[in-house]
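Biologist: Before I rely on any of the terms used for this protein, I would like to hear how each one is justified. Could you take me through them?

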Amino acid sequence: MKLLKSFVASVLTLLVLAPASLFASSHREAPISALDHSADVTDWYAFVSYDHPDRVTMILNVDGFLEPSNGPNYFPFDPNVRYVMNVDNNRDGVTDISFQFRFNTEIRQPGLFTGFVGGIAGIPPITSLDGPGSAGLSLRQTYTVTMIKNGVAIDLTNGRTLFAVPSNVGPLTMPKYEDLFNQGIYHLDNDVRVFAGTVSDPFYIDLGAAFDSFNFRMGVGGILTPSVDADDTHNYAPDAVGGFNVNSIVLEVPITMLTADGKLHGAGDKQAVIGTYGETDRQRITVRRLSGQVNGEGAWRQVNREGNSLINELIIGTGSKDLFSVSDPQNDSQFASFFLDPLLAHVYSAVLGIPIPPAPRTDLLPLVQYMPPICPGCGPNDAGPVADLLRLNTGISPTPVGSQKRLGFLAGDLAGFPQGRRPIDDVVDIASRAVAGILVDPVKFGAPIGDSVNTKNGGFRPGFPYVRPANDGRDSHHTGPGQAGCSGQPNGVCPVK
């Protein structure tokens, strides 16, 4: 409570209007990305590594709702997309360091009808990404990692060949899939680690209820009971993303590679705080050749981006969603009209019967500018422009696994969202309470809003790359109303109503 009051006090001294950075994942949030799945940024994470407090891990997830069984070629990364992780380290909202990922696809056995085969016709099961045991890996992808700093491009792979981990086809073709997954973890020079591949989507939400005009399953959702709200380990409603995969790029780098002066700083130092976001780019011209090959030409243009979550999906008007997707964060003041009186707050008030703060809303300003409590060392001249960046104080130590709270910063877990974002953070519940006004007055506007999906079935990976192996294409299943998957309910069956 003391922490929340401090948060409120730091905001009320400011008179600047700013957009509210809200919500969760961005799955198909704009027309431009709904029609371009491989360039759709679904989630962006940035946090101090659990086991290395001198490093930061960033996760860029793209191409959501991947059905594990959807062969024959499944879901490779797009070689015509440039996947980018961005860092602002001097509080001006402009990228100072970027990490760019490019993928290359090879078809090693063009006569096969599918991208992956093993355990039949004399082809051994796929047990390796390269060399013996990789013969059935016909569709294979390699990738490069390039850091752009001070206008200079640095190849972090240093000549190594990095393989992306393919989809989990099933137990006959890939009998030891977790071994393949672990082979995709690479230790590069200078304490850099990287992973790229298809994984189980770590995001969790009752998506069907949310987009049916917030038609929560009222037996457990909407306003949570104290017992459900206190439970970080069970689900009481169906996780609509459960059982689906996503393509993930994970990068861990020393903090000294990210700060402006190349040094570590304490939490009270403004130089400890960085702003981050993920983006996808395509070249301006697409060439479709008679051979069926598709190539890009010309300058690169941003297609999609995410800093804080779900702004575009639920706040930006449909007529401006594509413009938001292609705009740089430092220009986000052009979208301020959508945030002065967020429609979603009024929806929550109508559906749940709760009070909300009056407009104009300035209480979420610390999420879109550099200021306390995320940046306790920042003064009035350090705020920078309004910009959708996920801000991370690299001087705040990671909360040990087992002690992390799904409600992150709101629950006193200072290493959690919106101070950065970890896979475990329940951004749906956190952000819903923020838009309803908990940061203005945690008593008057502190209703425990939630969807009753409090965790990910199967849990979270406690170390790098933090994402879990992809769901099995043959044997996995999804979670839905009336089906198993809600461990907090009788017999584990998810509610319908």
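**Strand S2 and its surroundings**

Modeller: S2 is mostly covered, since twelve of its twelve residues are buried, where buried means under 20% relative accessible area with a 1.4 Å probe and protein chains only, and a strand is a DSSP run of E with at least two residues, numbered from the N terminus. This is a predicted model, in which local features need pLDDT of at least 70 and side-chain atom pairs count only at pLDDT 80 or more, while totals for chains, interfaces and linings use all residues. Residues are numbered from 1 along each chain as its sequence is written, and side-chain values use heavy atoms, leaving out hydrogens and water.

Biologist: How do you know that S1 and S2 are paired?

Modeller: Pairing requires that DSSP finds at least two bridges between the strands; seven join S1 (residues 41-48) to S2, so the two antiparallel strands pair. One of these places valine 41 opposite valine 62 in S2. S2 is also joined to S11 (residues 245-254), again antiparallel, by nine bridges, with methionine 58 partnered by leucine 251.

Biologist: What makes the 78 residues a nonpolar core?

Modeller: The term denotes buried Ala, Val, Leu, Ile, Met, Phe, Trp, Tyr and Cys residues joined through side-chain atoms within 4.5 Å; the 78 residues form the largest such set, so they are called a core. Phe99, Phe101 and Tyr143 touch the most other members, and S2 (residues 55-66) contributes the largest share, seven residues. Apart from this core lies another, of twelve residues, including Leu344 and Ala447.

Note on methods
Buried means under 20% relative accessible area, exposed over 50%, partly exposed in between (1.4 Å probe, protein chains only). Helices (H or I, at least four residues) and strands (E, at least two) are DSSP runs, numbered from the N terminus.
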